[in-house]
Amino acid sequence: MQHEESPERALRLLSSSANVVLANPESMVFDAMLLSWKQQQISRGMKPQSVRGNVAVVRHFREFVDKLPWEWNAGDVDEFTSDVVDRGLALSTLRHYHGAIRVFCDYITSRHYDWMEICEAQFGQIPSQVCLPWNTVAHRFDFEGRAARRPFTYDELQQLFDTADARVETLVSAGKKGGLAALRNAQMLKTAYAFGLRRTELVMLDLADLHHSSQMPEWGQYGAIHVRWGKAAGGGSPRRRTVLLVPEFDWWIDGMKQWIGEGRPKFSNGDPEAIWVTERRTRVTGGYLDKTFAELRDEAGLPKALTLHSLRHSFVTHLLEFGYAERFVQEQAGHMHASTTSIYASVSSDFKNRVLANALKRIVEGESSGD
């Protein structure tokens, strides 16, 4: 009597012999492929979230083309890509899809595994690499975001922060609930800008992440922030960095002292470590932060193209405008590549005008000294 094979049992049987007969070979082999690939990714040290995402992409591609991996061809990728583009997904998302399919195909066609032999024995066909240089997205462009996205201007930043502060004053003056939450929200946005933090980096901050700066001891524990939940690379663990507070942003300290010393203690009975706690004694979530930012942006009358991440873009742009070296800015922002940081050097016309003015000044002074 035949019994239904599980992916785990099918994988064990297939690993022992390519000539084994399965009850439902097509689906069993595909599921066994994914299970084995998942194990291989985990063995490489990839995060479970990244592994799940890669497996989901391959399953989605298989369902879209309605074929199994040993039947895939390059034209299937073309058709899949056209559908993704029609749905308006970002170029970076498309590249991620291509990358997951490419890596999966590399795995099942590798001579270090037996999937070529298994597929030939079971189906008389062998898988091939279908993601090729001429039908996939390469990372050739410095900037792949939407053109409408940009940093805040200085006036827009002031308008956003003024609106956040005004909400605090209005609620407190009226004796309504929500004043402490509004104080927290205002300081969160200011922290995102003053240290160039991504959303997850911001909400995951703990009190222990506030650090002294050897160059500015008078700032106390507010001289630097240790980021422990930085953006991971290649499916690995979160990257860490320390972001120094710069003198141009020292206005941030007074608001942070007020939140830590006066506001937070009223919310801190739940999570004793989190900096940003809620009325329910839990850590503020990224979704809540997005919603709060959108409300304050709209209340301030600012363009909807400005997002929470625009505060980080503004941080990088403005540091460069202040004259800080690109290498310093790169380390502050946690950019892996200098080319990422260099994008922002050409964002502001003020910055370019200043560079030009300094160059002209050097030329003029040089000519004067020559006389």
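**Close-up 1. The salt bridge between Lys190 and Asp165 in the predicted model.** Asp165 is partly exposed, with a relative accessible area of 27%, in a structure that is a predicted model. The side chain of Asp165 meets that of Lys190 in a salt bridge, with a separation of 2.9 Å from N to O. Because Lys190 lies in helix α8 and Asp165 in helix α7, the pair ties together parts of the chain that are 25 residues apart in sequence. Lys190, in contrast to its partner, is buried, at a relative accessible area of 14%, whereas the 27% of Asp165 places that residue in the partly exposed class.

**Close-up 2. Helix α7 and its two sides.** Helix α7 comprises the 20 residues 154–173, which at 1.5 Å a residue should span 28 Å, and its end C-alpha atoms are indeed 28 Å apart. The buried residues in α7 are Glu156, Leu157, Leu160, Phe161, Thr163, Ala164, Val168 and Leu171. These buried residues cover an arc of only 145° around the axis, which means that they sit on the same side of α7. An α-helix has 3.6 residues a turn, so residues three or four places apart point the same way. On the other side of α7, the residues Asp155, Glu169, Thr170 and Ser173 are exposed. The packing partners of the buried residues of α7 are α8 (179–195), α11 (286–299) and α12 (308–321). After α7 comes Gly175, whose phi is positive, near 70°.

**Close-up 3. The salt bridge between Asp290 and Arg199, and a network of shared partners.** Asp290 and Arg199 form a salt bridge in which the closest N and O atoms are 2.3 Å apart. This pair links distant parts of the chain, since Asp290 belongs to helix α11 and Arg199 to helix α9 (residues 199–203), 91 residues apart. Both partners are partly exposed, Asp290 with a relative accessible area of 31% and Arg199 with one of 38%. In addition, Asp206, Asp209, Arg228 and Arg283 are joined into one network by salt bridges that share partners.

**Close-up 4. The salt bridge between Asp31 and Arg59.** The side chains of Asp31 and Arg59 meet in a salt bridge, at 3.6 Å from N to O. Here too distant parts of the chain are linked, with Asp31 in helix α2 (residues 25–43) and Arg59 in helix α3 (residues 48–65), 28 residues apart. Arg59 is partly exposed, and its relative accessible area is 36%.

**Close-up 5. Helix α5 and the helices that its buried residues pack against.** Helix α5 (residues 91–108) has 18 residues, and the distance from its first C-alpha to its last is 26 Å, close to the 26 Å expected at 1.5 Å a residue. Its buried residues are Leu94, Tyr97, His98, Gly99, Ala100, Ile101, Phe104, Cys105, Tyr107 and Ile108. The buried residues of α5 pack against α2 and α3, as well as against α4 (74–86) and α6 (115–123).

**Overview. The setting of the close-up views.** The protein contains 15 helices and three strands, and 43% of its 371 residues count as buried. Among contacts between residues at least 6 apart in sequence, 60% join residues at least 24 apart. The area that the protein exposes is about 19600 Å², of which carbon and sulfur atoms supply 51%. The count of salt bridges comes to 18.

Technical notes: Residues numbered from 1 in each chain as written. Predicted model: local features only at pLDDT ≥ 70, side-chain atom pairs only at ≥ 80, totals over all residues. Heavy atoms only, no water. Helix = DSSP H or I, 4+ residues; strand = E, 2+ residues; numbered from the N terminus. Expected span 1.5 Å × (residues − 1). Buried < 20%, exposed > 50% of the residue type's maximum accessible area, 1.4 Å probe, protein only. Arc of directions from axis to C-beta. Contact = heavy atoms within 4.5 Å. Areas by Shrake-Rupley, 256 points an atom, 1.4 Å probe, with all protein chains shown as cover. Salt bridge = Lys/Arg side-chain N within 4 Å of Asp/Glu carboxyl O.
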